[in-house]
Every structure is written in structure tokens, then in C-alpha cells.
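Me: I have a model open and would like to go through it piece by piece. Can you take some questions?

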Amino acid sequence: MSTLSAPKTAGAPGKASTPAQHQDKYGPAARRAKRRSTALGLLAWVIGIVFCFPALWMLLTSLHSESDAATNPPSLTAPLTFDNFSAFFGAEGGASPWPPLINSVTASVFSTLFVLVLALPAAYALSIKPVRKWTDVMFFFLSTKMLPVVAGLLPVYLFAKNVGMLDNIWLLVILYTSMNLPIAVWMMQSFLADVPVSIIEAAQVDGARVPTVLMRVVAPVAAPGIAATALICFIFSWNELLFARVLTGVTAQTAPVFLTGFVTSQGLFLAQLCAASVVVSLPVLAAGFAAQDKLVQGLSLGAVK
Amino acid sequence: MSTSVSAAPPPAPPDPSPPAESRPPAAPRSGRARAWATRAPLLPALIFLIAVTQLPFVATLFISLFDWNSLNPDARSFAGLSNYGSVFTDADLRDSVFTTMLLTATVVIASVVLGLLLALLLDRKFMGRGFVRTLLITPFLLVPVSAALLWKHVLYNPEYGLLNGGWAWFTGLFGVEDPSQPDWISDMPLLAVEASLVWQWTPFMMLILLAGLQSRPLDMMEAARLDGANAWQMFAFLTLPHLRRYLELGVLLGSIYIVQNFDAVFTITAGGLGTANLPYTIYQTFYQAHEYGLASAAGVVVVIGTIVIATFALRVVSSLFSEEARRA
């Protein structure tokens with residue numbers, strides 16, 4: 001864990017009063033700046049580890065036996081085991097985690113696909129051939145995102161109850177699609193705006209219609225942005241609790257709902273709870289690390305590049 | 001998360017796209033056909049969104065005018081605005097309004113301040129910066145329910161939680177036999193929920209502010225440095241003003257998400273011990289107490305509150321957005 005000095009890094013605050021690169025490279029000021037820089041790098045490492053520690057601890061606990069997990073003071077060196085994971089999937093005495101996991105995959109994957117199918121043409125219309133009043137349309141999309149879910153929950157529940165869609169995973173697919181659509185339109189609008197207009201015009205001159213242009217020209221060029229959008233929609237759907245909790249019960253239960261029930265139905269098994277949390281979080285962690293760079297843009301609704 | 005509508009139209013943003021309008025008008029008929037051709041790809045998304053998010057909210061508005069308890073469906077009657085009266089006079093609901101404001105403000109302010117410090121630290125080059133950034137993002141990427149369960153059972157548990165366990169280990173180094181072992185959740189319930197949320201949201205703020213820091217005009221920083229500005233002056237007079245928009249964006253987006261928080265309150269305290277915020281209270285009013293009219297009225301009140309925040313948010317986003325358009 002060593003650090004590199006970064007005399008060129010612009011303007012991080014500190015007490016340095018002299019810019020290192022305008023001094024003699026080996027002068028005392030440069031050495032001081034270098035030492036301070038090393039110290040700050042080290043500090044970042046320490047904070048990073050402390051900050052992440054609860055999550056690392058969860059991982060470690062999931063690899064300990066139940067009796068080693070519940071000791072006070074905590075034990076770092078207890079032997080590691082995968083028993084909790086096999087017990088979780090083997091569902092000793094409890095409900096099997098597979099149906100909820102499959103439900104979560106269904107809800108997340110299908111809603112993400114629907115979002116892409118709806119958002120790509122919309123983003124295309126908004127970015128490549130701006131329709132009149134396009135910012136108003138953009139802000140309409142955004143405004144639907146800013147109002148609390150909880151205010152629409154009851155009518156959705158009553159509607160689902162009346163048409164017999166309670167505890168049906170496709171209801172969640174529809175709701176998650178609407179939940180993620182505005183973000184996807186905003187994100188993709190900013191990605192598609194980077195596609196050179198000339199290649200689109202060339203395709204149109206060749207007689208391609210909108211669907212062809214989208215699939216053959218725009219989508220390949222904007223692929224990284226579209227992939228990032230998809231990952232973010234997947235994360236949001238996977239994480240959602242309130243809708244899933246209210247609108248599903250037994251058959252359509254999703255993984256987060258399963259997790260909340262996991263504790264009460266089986267008593268508290270700390271190590272197994274950690275294993276379950278790790279399993280449920282893994283897809284999101286993977287997606288999140290993969291989309292790291294675009295994450296900000298997505299979460300800030302495309303406003304920050 | 002969306003289900004509802006902004007009742008107010010978004011504040012008219014300064015339209016950064018004059019090209020669309022300033023194009024010479026084409027011949028009327030083909031012009032109209034072309035206008036529809038450009039609009040057509042937008043329609044599926046627009047119609048879907050209106051159907052799924054706007055209609056339920058209209059229904060909520062409607063239901064809020066009724067005295068309707070689903071356990072007693074025959075007694076449903078028109079109640080006018082009396083549900084709204086109850087929202088503001090009912091002690092539990094009033095408390096949850098206050099709790100929501102306190103929770104949101106505390107979490108947002110703390111995570112913005114911490115996020116700023118971390119962003120400044122990560123803005124420097126050092127070995128393994130990418131890895132440290134990944135470590136810092138991890139809390140934000142845990143499934144919120146997992147994170148809440150982690151805090152409740154693994155960290156806060158008074159018997160074998162990491163906080164007390166770590167403290168016992170630490171004092172054990174100094175030969176203290178029986179260190180104090182607080183029961184975090186019952187001793188300081190709101191703080192317990194807040195701490196877990198700050199932990200989850202600090203990375204979000206850090207990411208936004210880091211993006212802001214990295215978009216600073218380097219030549220201006222360089223010029224200031226040559227003029228002899230010290231690090232503090234550069235931070236106070238260049239970096240901070242530049243970051244203002246990003247700070248606003250972080251505060252507003254954070255507020256919008258945290259006002260709606262359900263997972264942490266539901267999981268850590270189940271709304272007990274004075275931690276019930278509005279989303280949790282509404283959930284309870286309708287899901288457990290079956291008071292549909294009252295829950296809807298409370299929902300409408302949340303929406304009105306959020307519109308106030310959202311109006312500012314849209315303005316901030318639109319200013320960032322129009323800046324983007326100018327640059328393009």
C-alpha cells in the first residue's frame with residue numbers, strides 16, 4: 001500500500017502553499033509536497049477500507065460457522081467454511097431461495113428489456129432529430145421520477161386485486177418498467193446525442209427507415225451507453241422492496257422480500273443471514289462495478305457527465 | 001421510483017434547442033407528416049408512462065376524498081377534505097412528517113459533507129486509486145435490504161454485533177473486563193437508521209462531486225496557482241463555486257430518494273421507537289390499518305411536499321442541462 005506523489009493533481013485542498021512543479025524538482029518543498037501526497041494517499045486507503053469494512057465483515061461472517069459468527073469479541077481467524085451458502089441453497093428447514101431469486105431475475109431482466117425497447121426510440125427522437133419542445137418532454141419524463149412511489153401504491157394495489165394480478169411477477173415487470181423508463185430515456189438521450197449525425201443521415205439517404213437506423217446504425221455505436229443504462233435499470237429493479245412487499249406474496253416474492261422474511265421465519269442465524277445477503281447482493285455488485293463510470297450519470301439522471 | 005405524477009408542470013426550462021424551432025418551416029402537408037414521423041418513436045414510451053404513473057395518482061387523489069376502510073367496505077362515504085384534516089391533526093402522522101424531515105435533512109447533510117471530503121481525497125492521484133474508489137462505492141451497491149439487515153443484525157446487535165464486539169476487543173487490549181455494551185437500536189433508534197443511510201448514500205454524493213471536481217477547467221486552476229493562490233484560496237474561490245451546482249444536485253437528488261426511504265426504516269426498526277417516516281406510515285395506514293382514504297390523503301401530502309423539492313431540483317438539473325446543450 002504505497003502511494004504516488006501527484007504534484008500535478010489540480011487543487012486538492014491542503015496546506016501546500018507552493019506548487020511543487022515550479023520549484024526545483026528535488027528541493028525541500030517538492031519533498032514536503034511528496035510526503036504530504038503520500039500521506040493523503042495512505043489516508044484514502046485507510047478510509048476506503050474502514051468504509052467498506054461492514055460489507056467485508058458481512059462476507060467474512062458468511063464464511064464462518066454460526067457459533068464462530070456470534071462471538072463477542074468478534075473472531076477474525078475462525079476457520080472458513082462454505083456451509084452457510086450450501087445451507088442457504090439447500091434451504092434446511094426453511095423456504096427455498098430459488099423461487100424468489102428466479103422471480104427477481106424475471107422482474108429485473110424483463111423490465112430492463114422492455115425499458116430498452118421503449119426508451120431507445122424515445123431517446124432517438126429526443127436526441128438525434130429533436131422534436132419541438134423536446135426539453136419539455138424530457139422534463140415530463142423526469143418529473144414522473146421525482147414523486148413518491150408510495151402515493152400511487154394503493155390504486156395499483158386495488159387495481160391488481162380487482163383484475164387478479166396480485167402476487168403476479170408480471171405486474172412487477174410493468175411497474176419496474178415505468179419506474180426505470182424516465183432514467184433510461186434521460187441517460188440514453190445523452191449517449192445518443194454523441195452519435196454522429198452524418199452516419200445516420202447517410203443511412204437515411206440509403207433509404208433506411210427508423211427501426212433499421214436504430215438497430216443497424218445507432219445501437220452499435222451507442223452500445224456502451226445502452227449497456228450501462230441496462231445495468232442501472234437492472235440494479236434498481238433488483239433492489240426494489242416496497243412494491244414487491246405490497247404486491248407479491250408467496251409465488252411472486254422477490255429476493256429482497258425473501259430476505260426480510262428470512263430473518264423472522266428462521267430465527268436469527270447470523271452467518272446464514274450474511275450468506276443470504278451476499279448472494280442477493282452479488283448481481284448488483286457485479287452490475288455496479290461493471291457500470292462504475294456511467295453510474296453517476298445514470299443516478300444523476302444524465303445531468304452529470 | 002415512480003408512480004405518480006408531478007401535478008405541476010415542470011418549470012419551463014430555458015429552451016436550449018432553438019435549432020428545431022428556427023428551421024425554416026417546410027411545406028405544410030409534408031411538414032406535418034414529417035413532424036409525426038419524428039414524434040412517433042416517442043409515443044410508446046410516453047403513453048406507457050402516462051398510463052402507469054399518472055393514472056394511479058389521479059386515483060389516489062380521488063380516493064383521498066373518501067372515508068374508506070377496507071375492513072368495513074359498506075361504510076364507504078364521501079368525506080371531502082376531512083382526511084386531509086386528519087393528516088395534519090393525527091399525532092402519529094404529524095410525528096412522521098417531522099421524522100421524515102429530520103431523517104432526510106440529517107442524512108443528506110452528513111452524506112454530502114462526507115462525500116465532499118472523500119471526493120477531494122480521491123481527486124488526487126495515488127497508487128490504487130481505482131481500487132479505493134471501488135471500496136468506497138461498495139456500500140452503495142449493496143441491495144438496500146441487505147445493507148439494512150447488515151446494520152441491524154451484524155453491526156448493531158447488542159450481544160454479538162460488530163460495534164459492541166469491536167469495542168469489547170478494543171477495551172480488552174487495555175484489560176477492561178466489562179466494557180459498556182449499548183443496545184444501539186433501542187437506545188438511539190433514529191440515529192441508528194440515519195447512520196446506516198449515511199453509510200449507503202455517502203458514495204453517491206462522492207461520485208457526483210468527484211465528477212464535478214474532474215470537470216474543473218484545469219487552465220483556470222493553473223492560472224490561479226501561477227498567480228500565487230494557496231490551496232485554501234483555490235478551494236474556496238474556484239473549486240467550491242464550481243462545485244455549487246453539483247452540490248445542489250447531490251442535495252436535491254439525495255432528498256428525493258431519502259424522503260422516499262422505506263427499506264431502512266422497515267427493516268431496522270419497523271417504524272418503531274419514533275422512526276416511522278411518511279412512506280412507512282402510509283404503508284402501515286393502508287396495508288395494516290386498511291384506512292384507504294387516510295393513506296391516500298397522506299400520500300397526496302407527500303407528493304405536494306416532494307413537488308416543492310422537485311421544482312427546485314428540476315431547475316438545478318435544467319441549468320446543468322442547458323449548460324450541457326450550450327457546450328454541444
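Reply: Yes; the answers below go through the interface, the cores, a surface patch and a few single residues of this predicted model.

Me: Start with the interface. How many residues of chain A are in contact with chain B?

Reply: On the chain A side 118 residues take part, in contact with 122 residues of chain B.

Me: And how much area do the two chains bury between them?

Reply: About 10,700 Å², with 75% of that on carbon and sulfur atoms.

Me: Which residues in chain A lose the most area to chain B?

Reply: F51(A), M146(A) and L147(A). Together these three make up 7% of what the chain A side buries.

Me: How many salt bridges between the chains?

Reply: Zero between chain A and chain B.

Me: OK, on to the cores. Which residues have the most contacts inside the largest nonpolar one?

Reply: F141(A), L192(A) and V218(A), in a core of 188 residues.

Me: What is L192(A) in contact with, leaving aside its neighbours within four places in sequence?

Reply: With that restriction, L192(A) is in contact with L120(A), A123(A), Y124(A), S127(A), I128(A), V218(A) and A222(A). V218(A) is also one of the residues with the most contacts inside the core.

Me: What does the second, separate core include?

Reply: That core has five residues, among them L147(A) and A151(A) from chain A and F57(B) and I307(B) from chain B. L147(A) came up earlier, as one of the chain A residues that lose the most area to chain B.

Me: Now the outside. Which residues make the nonpolar surface patch?

Reply: V105(A), V109(A), F110(A), L113(A), F114(A) and W170(A) make a patch of about 490 Å². Helix α4 of chain A, residues 98-127, supplies the largest share, five residues.

Me: Where does W170(A) lie, then?

Reply: In helix α7 of chain A, which covers residues 169-192.

Me: Why does W170(A) count as partly exposed?

Reply: Because its relative accessibility is 37%, and partly exposed runs between 20% and 50%.

Me: What about D167(A), which loop is that in?

Reply: The loop between α6 (150-163) and α7 of chain A. D167(A) is not a glycine, yet it has a positive phi of about 60°. Its relative accessible area is 23%, so D167(A) is partly exposed.

Me: Switching to chain B. How many helices and strands?

Reply: Chain B has 15 helices and two strands. Of its 328 residues, 53% are buried. The accessible surface of chain B is about 14,700 Å², and carbon and sulfur atoms hold 67% of that.

Me: Is R133(B) buried or partly exposed?

Reply: R133(B) is at 18% relative accessibility, so it counts as buried. It is found in helix α6 of chain B, residues 129-141.

Me: What is R133(B) in contact with, neighbours within four places aside?

Reply: Residues of both chains: Q292(A) and D293(A) in chain A, and L122(B), M206(B) and L210(B) in chain B.

Me: Last one, R245(B). Which helix is that in?

Reply: Helix α12 of chain B, residues 231-259. R245(B) is partly exposed because its relative accessible area is 28%.

Me: How far apart are R245(B) and V87(B) in space?

Reply: They are 35 Å apart, C-alpha to C-alpha, and 158 residues apart in sequence.

Note on methods. Residues numbered from 1 in each chain as written. Chains lettered and ligands numbered in written order. Predicted model: local features only at pLDDT ≥ 70, side-chain atom pairs only at ≥ 80, totals over all residues. Heavy atoms only, no water. Patch = residues over 30% accessible without salt bridge, like charges linked within 9 Å, V, L, I, M, F, W, Y side chains within 5 Å. Areas by Shrake-Rupley, 256 points an atom, 1.4 Å probe, with all protein chains shown as cover. Salt bridge = Lys/Arg side-chain N within 4 Å of Asp/Glu carboxyl O. Helix = DSSP H or I, 4+ residues; strand = E, 2+ residues; numbered from the N terminus. Buried < 20%, exposed > 50% of the residue type's maximum accessible area, 1.4 Å probe, protein only. Core = buried A, V, L, I, M, F, W, Y, C linked by side-chain atoms within 4.5 Å. Contact = heavy atoms within 4.5 Å. Buried area = accessible area lost by both parts, 1.4 Å probe.
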